[in-house]
Every structure is written in C-alpha cells, then in structure tokens.
2 protein chains.
Amino acid sequence: MQPDHSSRRQSRRWFLRLGAAWSAALVACRSRSIGPSSEPRVLGAPVSPYGSRSGFEKATRFFNRDTKVPLEEASSRTPLHDTYGIITPSSLHFERHHAGVPELDPSTHTLTIHGLVERPLVFTVDELKRMPSVSRIHFLECSGNSGSEWRGGSFDSDVQRSHGLTSCSEWTGVPVATLLRECSVKTGASWVLAEGADACKLARSIPMSKIMEDALVAYAQNGEPLRPEQGYPMRLFLPGWEGNANVKWLRRLKVLDRPAMTREETSKYTDLMPDGTARQFTFVMEAKSLITRPSGGDTLPGPGVYEMTGVAWSGRGRISGVEITVDGGSSWTPAELQSPVLPRAHTRFRWTWTWDGREALFASRCTDETGYTQPTVAALVNVRGTSSQYHNNGIQAWRIAADGKVSNGNRG
Amino acid sequence: MQPDHSSRRQSRRWFLRLGAAWSAALVACRSRSIGPSSEPRVLGAPVSPYGSRSGFEKATRFFNRDTKVPLEEASSRTPLHDTYGIITPSSLHFERHHAGVPELDPSTHTLTIHGLVERPLVFTVDELKRMPSVSRIHFLECSGNSGSEWRGGSFDSDVQRSHGLTSCSEWTGVPVATLLRECSVKTGASWVLAEGADACKLARSIPMSKIMEDALVAYAQNGEPLRPEQGYPMRLFLPGWEGNANVKWLRRLKVLDRPAMTREETSKYTDLMPDGTARQFTFVMEAKSLITRPSGGDTLPGPGVYEMTGVAWSGRGRISGVEITVDGGSSWTPAELQSPVLPRAHTRFRWTWTWDGREALFASRCTDETGYTQPTVAALVNVRGTSSQYHNNGIQAWRIAADGKVSNGNRG
C-alpha cells in the first residue's frame, strides 16, 4: 500500500521519545517478526549520467500561490524542517526574484567592470572560470526572513514559512578584489554598483571595503555551476550580507565615489524607524538561530525525551554558542554545536529535552564570536518599532500545548 | 550562435595565463566594447518547488557503454575536472552497483539488527530519522579507484576515467553504536555483517571497533534524503573506509563473533600479492591526492602562469599538507590548502605554476595527520606487485608536452 508521502506528513512524524518512553519504542520494534521485508530479487536500475532524487521524496520550496504578487517577483522558502546538516540542497535553496529567472547563455553573457578604473574590462564566463578561485561554505539570507515576526507572526506559521528565506551552500568564485586590481581602481573610488541582467536590472551599491575584503563573483554552488535561480552563470556573493545585495545574473560592476542610490536601496530594503527616518545600507545579517525540530505545526506524541535540533548563523563570523530555554526564557542551557563551525555559515545544533507534558515555551538564542547575543523580538521592537519589514533576527519561540501541539510562541 | 557546450569541450577551456601572459588576456578583454550584452527585457521564469540545473550545463558521470559488463553491475565516475570546492553534487556522485539500483519504499523498508544481541530489533526509516543524529562531511572512494594505474594506466586517460571513483558529501545518520547499545550486544561479539537489499544482497563483515567508533546508518546526503544510487532509504557509512563496505540499501546488521567470509571479502575485494597470497579486510583508504586541473586531456595554450588545483584526502584523518612537483619528483613545494580541512574529507588545494613551455612531469603528493605520505606507484608495485586491482593510492603524474598537451605521466 502506497502511503501518503507528502512533505508535511513526513515532517510531522519526526520525533522519537527516548529515555522512559524509549522502552515503549523498543517493545514496538521487538513485536515485529525478525526477517527480510519484501525486497527485489531482480536487477535494479543501471548507472546513469546525472542522478535525481527518489520519487518517494516530496519536500519542496514553499511559495504562496494565492496572492496578487506575480510568481516572477516572489520568494520561495527552504523546508528547514526537512533538511539535514548544514548544506542546503541547491534544488531547495530559497529564491527571491524581482523579475523572474532569466535564461542567460554562458557563451554570450559577460561581466563588465568600468567606472573609476584605469582599464575597463569585460570578462566572459570562461575567462572568469580560468582565474584563481576560492570555495567557501556560507549562508545566504533574505533580509525579509522572519519579517512576519515583527508583528508577532501567525499562529499557524511553521518554520519554513516564517524562516525559510535562509539557506547554506558551498560557493566557488573569483575574488572581486582580483578583478579590480587588474582594472586599476582610481583614487576616490569607494563604492561599487552591482547590476544584474534580469529584466528589472536589479542594482545595489556595495562599499569598496566589503568588495576588497571577501566579495566573490561566484559561478559555482555545491560543486556544480550556479543554479539558474541563484544567478546562473554568475552572481555577486557577499559573505554574511543581506540576500538582495548578492546581485544575481551579474552583468556589471561600476566603480563609484558614492552610492548610486538605486531603487533597491532607497524605496526598498531600508528599515523604517519609529521616528519616520529609515536606516539605509543595513547589509549585515546579525546573529540568529532557530529550532527547526520540533517547531510550529509539529505534534509530540506525549511526555518523554526528544532531540531538539536547529541552525544558527551570523553575518559577522562564527557562532560561539547556542542556548536553549524551555521555560520561556527564565533559564538557558547550552546546546551542542556540530562541527565544523564555519564563519558566516549555518551551524547545526542539537539538544536533548525531557518534556514533562505540560505547556511550555521553548526557544534557542545564539552568540557569535564578536560577543553579540541574539535579542528578543521585544528588544528589537523597542528600538526599531514595527514599521520595518527587514532584519528581524529576534529569538523565535515555539509554544507546546499540553496536547503536544507546537505553535508560534512569539504571539503573546 | 549556440556553441558546443559538451562537458569535454567546456572542461578543456579552463586555463588562464596570469603574469606575463595575463597582459594578452587583458588586451583581449579591453578590445571588446564596454556595454550591455543582449539580455532579456521581459520577465523570466517564476519561483519553483524544486530546482534543476541550467540546460546549458552538460557535465555527467562517465561510464563505459561498450563493454560486456551489464550497466546494472557497473560503475560511473565523477567528473572531477568539472567540479568545484569539496562538495560533490549528489547527481554526480560516483556509482558502483552489483545488481542495479533497487527501488525501495521507505514506508516498508526496515533495518533488522540481530545475531549476538540480547534484544533483536527492527527499525523503520521513520524510527531511525527520529533518533539522535549527526552530520559529517566525508569522502567516499571505491577501492578500485585508479586501479588502472597499477599497470601504468592508459595514455589517453583523463582524471575522470582514472580517478573518478571518489566523491565527497555531507552525510547525516544515526551512529550504529547507538542502535547496538539498545540491542545489548552479547559477550564475544566482534564483527557485524552488513547486508544490502539489492538483488545480490551484497554483504560485508565490519569489525566491531569501527562500528563503535564512527559508523553511521546514513539516511541523508547533502541536506536531503540519500539518492537512490547511494542506498536510499539508508546505507551503512564508514568514514574513510573503502566504498563497497559502506553497504547501500542496508537491510540487516548481524552481530557475529567472526567475519562472515562473504563473496565480497573472499573472491572479491581482496588484494592479490606477488607471493600468491591475498591481503584481506584492507578497509582503510590511505592518503591520496591528484591534480584535477590541468590534467590528462587538457591543452595549455602556451607558456605562462597557471592555477593548478586538485583534491587530497585520507581515510586516517586530516590532510596536513600537499606538495607539488613540476620536475618529475626532483623537487617539491607546498600547495595552499583551502579551509575547511576536515578529517576524512576531500581537501581542495591550489598552487600557481609558471610553465616555461618545455615538456614537464607534474604531480601532487599529500601527507596526512598521522605523518603518512602518499607513495609513488613504483613504491606500491615494489611491495604489492601488479596483480591487485585495489588500493592504488600512488602519486598521479601528468606529462605536459611542448605543444601544451597533457597526458598520463604514469606511463614510463
């Protein structure tokens, strides 16, 4: 009999009760007959040129189909509840497009570097791929991730809907510093405009200091060429900085002596403060963590011992610690960080929880190597109000009811 | 005009000459007009549930179609020349099947643990997924990788054909030690037989010490469930040990007081020595490295400065160093190791080479944290003869001719 293998259903059957409850699980295991299950006795499928996942697996990116936002200008979210480790499968990396995914031919697409340089240059994709390159494992997060939590979130939101705009990949590319040195940057150059080749020509101004520190023109992701929805054949990659500044389908870098004040850094992607002014160029994604299992939408079968797990990351470097509360923030205990703990990358954490069967509010909070600790949403609102959509790195609480149902704990 | 985007052609256009030759490249770049290339002015594709690679990308696993070996009992090889960083895309992970890829239903497939245990247990996939898990980035290598080099290899072999039976992924699963503790292993237990659910029921005996040290029942790879050709829904994973022992489609672990002496550890997967005896249970994949670019099949356009890159790994731990020779082994200089350098994982190395345009023999050799240094093939042959197919971790030399053509340098 073919069961329902929907992502939702699979994901809600995650939990094993250990300890006291573990005995019951063992009884269940023992009660089955020991012996082979029905298995194939004929040859299976042959080797193949390029593999694909099992037809039994159905996890997908989530996007809202019932909205007036065209799907070419929408976002899709990583199923954090159903992913493992720190690498996000490229096929499930979140998306955020402003004019859809262009189909660019790598044999004709070029990157132009011009503006305040002695020697403007045009690079083909092949030329870039021949240059000295680096690979690094980094998260990428949309600045709008968990934006709904500014206003307490939705009661029925789950971790994919609330926090699925973060993913983590191994990115390979050429340091932009290498390219700019070849162009001989002129005196006074202090910003670089990065422009994409999508129909809206999305553009952001990036400070020269970041460009020279660690910016990449990335052409590969998780060992193979960038996926189309991640900017194929090349994108700007700015470790730890908000997603939209990592311009996809990169076609142009113009060296400037001031920011270009594009639409995406004036009317969009600024943070409206309570006094009516707006924070601008708030690039860094601050330290953030969340428990992905158990999380909103789960139902625990009863009191017992459970493994909690989740991810933490910081745009300023390595995660130095993650703590867990199961009493609404009164007390915190350290979770185990899984190695490797890499700078500006998702860090997987795990913790063992004995749930006594009573209503509880549980959450994680992280600290990064600069000593900064993830704040509460209330602390953020206290400073920034509730008019901003962006840069909500507040603690995400989940509430478990006595019946085992888990829901968004950020709602008062 | 649509160019030929075959994997082979792409891969042979990798090189950039820096330094003196770099000036010519800059002239080439400058000679193009500065301005937008032809790019879309209409909306692109919408967000999607599960992404796929660009239609322009054609890299594939290699397998020989012109052989009497059925493709259900064959191997396919990772295009090491066309992959980046340390993560191998799951779709391009090498394969080696003995009876094809079975289609197993995760709702009915089970893992039985029995033999010398107090409590035999049967686990469903869901039960395993609820248990405390770990994720680790590790290489997996077939013991037959670069087996052709025992006899000098083929003149026209490239790095995919000669060495493509190694790949590296992030694996997630449950420590086997956790499962065995729940079964209460009896006194005298010293080996574990692992058996797959493929039609041939491939089986290997694994020493209890390895099982308890770091063996996993792995159910995820690179953030999502195992691919079918990697053992979906679960496989044994033995960090640093030869591929075939990492039994795929795992159905049974039987605890024993001696090895089971299966076909795959008696007539197969043993190493025939010059005196007619055979080494048995040679599980560990010793330290190994190779230059993937440039490598056999490449043609360098002329003298100049080139970036060399490749991968190194050791079944005994971390790589501590990689050295490069460009004079046939007379002198060696250190390459740069790219972080993170993880135990029992591919480590990416890079080195800058000024080629003077004359014939040369170039190669890499690595040393691991135990102090062991990768030997020459000649040194291996001196001890083991040429009757073995397996465990050739010798230095792989490439020869560049004066016309820039690169070929297998292991041929005398």
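Me: By what turn and what shift along the axis can chain A be laid on chain B?

Reply: Two copies of a chain are related by a rotation about an axis and a shift along that axis. In this predicted model, a turn of 180 degrees and a shift of 0.0 Å along the axis lay chain A on chain B, with an RMSD of 0.0 Å. The two copies are therefore related as by a two-fold rotation axis.

Me: Which C-alpha of chain A is nearest the axis?

Reply: That of A:Pro340, which lies 4.0 Å from the axis.

Me: Through what surface do the copies meet?

Reply: Of the interface residues of chain A, 100% are also interface residues in chain B, so the copies meet through the same surface. Chain A brings 114 residues to the contact, and chain B brings 114 residues.

Me: How should I read the area buried between chain A and chain B, and what part of it do carbon and sulfur atoms give?

Reply: Interface size is often given as the accessible area lost when the parts come together. Here about 9,600 Å² is buried between chain A and chain B, and carbon and sulfur atoms give 58% of that area.

Me: Which residues of chain A lose the most area to chain B?

Reply: They are A:Val47, A:Tyr84 and A:Arg130, which together make up 8% of what that side buries.

Me: How many salt bridges are counted between chain A and chain B, and how many residue pairs are in polar contact across the interface?

Reply: The salt-bridge count is zero. Polar contacts join 38 residue pairs, with both residues at pLDDT 80 or more. By class, the side of chain A that touches chain B has 30 charged, 33 polar and 51 nonpolar residues.

Note on methods
Residues are numbered from 1 along each chain as its sequence is written. Chains are lettered from A and ligands numbered from 1 in the order in which they are written. This is a predicted model: local features need pLDDT of at least 70, side-chain atom pairs count only at pLDDT 80 or more; totals for chains, interfaces and linings use all residues. Side-chain values use heavy atoms; hydrogens and water are left out. Copies are superposed by least squares on the C-alpha atoms of residues with pLDDT of at least 70 in both. Contact means heavy atoms within 4.5 Å. Buried area is the accessible area (1.4 Å probe) that two parts lose on being put together, summed over both. A salt bridge is a side-chain nitrogen of Lys or Arg within 4 Å of a carboxyl oxygen of Asp or Glu. A polar contact is a pair of N or O atoms within 3.5 Å; within protein, one must be able to donate a hydrogen and the other to accept it, and residues adjacent in sequence count only if both atoms are side-chain atoms. Ala, Val, Leu, Ile, Met, Phe, Trp, Tyr, Cys and Pro count as nonpolar, Asp, Glu, Lys and Arg as charged, and the others, Gly among them, as polar.
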